[in-house]
Amino acid sequence: MEFCTQIATQSILNEMNKNADKVRENVNLWVEKETRGLIKEILPKTVELAPPLSLANALYFRGSWEDPFMAWKTKHKKFHILNREIIDVPFLNSYDVYRSYASLDDFKVLKLPYERGIGDDGKPLQFSMYLLLPHDTYGLKDMVKKFNSDPELLAPKSLSNHLRKVELSRVSIPKMKFSYGVDAKELLEDQGLTLPFSVNDADFSNMVNVNPVTNVYVNIMVHKSCIEVNEEGTEAAAATFARIAFGFDPDCEPTPVSTFVADHPFMFMIVEEFSNLVVSTGAVLDPQN
């Protein structure tokens with residue numbers, strides 16, 4: 001298992017005034033290196049660079065399943081996407097296995113652990129993937145709305161309280177490989193976080209050593225992520241660039257023999273179990289796109 005997160009310091013960005021294109025190249029090369037090539041470009045030429053400071057963050061995760069899926073059991077099956085089309089995708093399959101599982105009112109939860117690793121500080125790390133599958137084939141949006149109204153439902157500790165090690169007659173999840181880019185500033189502003197982006201009200205005086213420090217604010221924040229899930233495990237990466245400028249029910253028990261077949265849109269989280277740190281989360285609408 002391999003996990004690392006890095007934050008670029010001003011040392012690789014201090015040429016902003018002199019050569020913005022060189023800074024762009026350095027940041028893109030750094031992100032590609034830190035994400036092991038999964039993300040090759042966080043800063044396209046359409047993103048304008050300007051002083052006094054820009055910050056970049058990259059995360060890389062690669063984990064091997066504690067209980068790998070056998071490649072010979074991988075079969076193409078039907079996956080229902082939200083526009084009600086049905087596509088053929090390869091599914092990872094296990095049969096008659098014991099897994100941590102719960103079936104709640106609106107969705108099922110499956111936890112798939114990765115092999116345990118050791119952090120840079122010598123302490124053990126235990127990552128797991130949580131898969132949250134709505135009972136309704138087209139129920140992902142309603143499930144997400146429920147989590148938005150009560151975020152505690154999605155907390156790893158809360159989910160773990162429902163899980164029981166049970167026999168599952170079938171576990172099927174699609175092989176996945178996709179990437180996603182988003183304007184993180186727009187998303188945060190939609191959620192009500194506006195202060196860092198305000199030319200008049202943002203205050204980064206404890207971060208930016210510029211004289212005089214006036215009107216320092218974040219005016220660009222872009223994010224890219226990529227994830228691949230296969231028989232051996234998961235490889236995931238995420239990178240964020242920000243430019244700072246001036247101006248359940250615990251007693252719910254599953255049926256004796258259940259299944260977990262993720263043949264329609266679902267959510268996933270990669271969680272470090274000892275700290276309950278969520279390192280990656282997303283929704284799978286189309287496993288191959």
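pLDDT is the predictor's confidence in each residue, from 0 to 100. I started there, as this is a predicted model.

**Entry: confidence**
I looked up the protein chain as a whole and found a mean pLDDT of 79, with 76% of the residues at 70 or more. Next I checked the extremes: strand β3 (residues 75-80) has the highest confidence, at a mean of 96, while strand β1 (residues 2-8) has the lowest, at 46. Over residues 1-14 the pLDDT stays below 50, yet I see that this stretch has 43 contacts in the model beyond near neighbours in sequence. A reminder to myself: where pLDDT is low, the predicted coordinates should not be read in detail.

**Entry: aromatic rings**
I then turned to the aromatic pairs and noted 3 of them. One is W65 with F69, which meet edge-to-face, 6.1 Å centre to centre and with 80 degrees between the planes. Both of these residues, W65 and F69, are buried.

For F107 and F147, I found ring centres 5.3 Å apart and planes at 75 degrees; over 60 counts as edge-to-face, so this pair is edge-to-face. Where do F107 and F147 lie? I traced F107 to strand β5 (residues 107-113) and F147 to helix α2 (residues 140-149), so the pair ties together parts 40 residues apart in sequence. Are they buried or exposed? F107 is buried, at a relative accessible area of 1%, and F147 is buried too, at 4%.

I also noted a cluster: ring pairs link W65, F69 and Y114.

**Entry: a charge over a ring**
Last, I looked at R84 and found its charged end sitting over the ring of Y138, 4.0 Å from the ring centre.

Definitions and conventions: Residues are numbered from 1 along each chain as its sequence is written. This is a predicted model: local features need pLDDT of at least 70, side-chain atom pairs count only at pLDDT 80 or more; totals for chains, interfaces and linings use all residues. Side-chain values use heavy atoms; hydrogens and water are left out. Helices (H or I, at least four residues) and strands (E, at least two) are DSSP runs, numbered from the N terminus. Contact means heavy atoms within 4.5 Å. Rings of Phe, Tyr and Trp (its six-membered ring) pair if their centres lie within 6.5 Å; planes under 30 degrees apart count as stacked, over 60 as edge-to-face and the rest as tilted. Buried means under 20% relative accessible area, exposed over 50%, partly exposed in between (1.4 Å probe, protein chains only). A charge sits over a ring if NZ of Lys or CZ of Arg is within 6 Å of the ring centre and within 35 degrees of the ring normal.
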